Amino acid sequence: MIEYIIKRILLFIPTLFAITLITFGISRLAPGDPAEMKAGIGSEGMMSSGGKNQVNEETIKLIRHQWHLDEPIWKQYFMWTNDLIHLNFGTSFIDQRPILDKILERLPITAALSIISIFLVYLIAIPIGIYSATHQYSTTDKISGGLLFMLYSLPDFWVATMAIIFLCGGDFLGLFPSNGLFSMDYSSSWSLWDKALDIGWHIVLPVLIYTYGSLAYLSRQMRGSMLEVIRQDYIRTARAKGLDDRTVIYKHALRNSLIPIITLLAGILPGLIGGSVIIESIFSIPGIGQLGFQALLSRDYPMIMAELTVGAVLVLFGVLAADILYSIVDPRIVFTKKSA
């Protein structure tokens, strides 16, 4: 296993090179000039502040030179990769702050929401999937399946908007706040318990909306995997030996049925830093997702490339973590050739 891990990590180097090349190309394909946007030039060549018809070319040239946008495209790429090697993502075009500082500033918020959501998804989805598989075609299985498919089909932006309308004041219930992480009267002098309650009150709706889609998908995956496993010969043999259903399901079938669930880890890790652009934007949560959306609107190339690159690296580590967990769940899985 150690030999396999070392080989995979070494394979990250050419893969990471390809990722940086694709990321750089994608960011440059986006329409619009960040220098013109910084200078206040609208999409029709008008000065957004005063409505003037003449473009301030000198200002744009100065900004492009400051951000090295006047350099050849290949030179811009190598300048960026050089910063990347030194773990320096550069400075933001928006406020000239270091990209790493801005990411680290918002990372705890996004990571906390993502970890809570992932914990809830696995905590609820796995038991639902197991119960649905062991009670296939029962009334409970049919009802839960219908509800889960309905949840999975609802777009999160629509659910978030409806939640704000009906549960966040206005003409309906005012059970939760509609935006932010803190109340207007929030004070640093509050006790730790009061602070936790206030923050928890603000994140209940975002976490629930962040969770329901993954919950529906993961539970159906768990159900399908468990159904496939419990039809295997060794499960029938275990039951023929007189073992009770609980032992058969949770001791013999569960470990093998978790393999497809582990595979989904590769897509979960990027969410820890990528966050949810839609949820964070709708609820005005200052997380990584909202930061990336603002960078996209402003053509903040360094921020866009930083988030895409970090997300891709996390996918690589997610795949590696999934492979390692495979061998833990099922010792029969090996990734290196055994000697004769």
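Helix H5 (residues 99–134; helices are DSSP runs of H or I, at least four residues, numbered from the N terminus) packs in 36 residues and spans 50 Å from first to last C-alpha, close to the expected 52 Å, that expectation being 1.5 Å times one less than the number of residues. Still, H5 bends by about 40 degrees at Leu 107, with Pro 108 following within four residues; the bend is the angle between axes fitted to the seven residues ending there and the seven starting there.

Helix H8 (residues 192–230) is another story: its 39 residues put the end C-alpha atoms only 48 Å apart, short of the 57 Å of a straight helix. H8 bends by about 40 degrees at Ile 203, and Pro 206 follows within four residues.

All this comes from a predicted model, where local features need pLDDT of at least 70, side-chain atom pairs count only at 80 or more, and totals for chains, interfaces and linings use all residues. Residues are numbered from 1 along each chain as its sequence is written, and side-chain values use heavy atoms, leaving out hydrogens and water. Mean pLDDT (the predictor's confidence in each residue, from 0 to 100) is 81, with 89% of residues reaching 70 or more.

Key
Helices (H or I, at least four residues) and strands (E, at least two) are DSSP runs, numbered from the N terminus.
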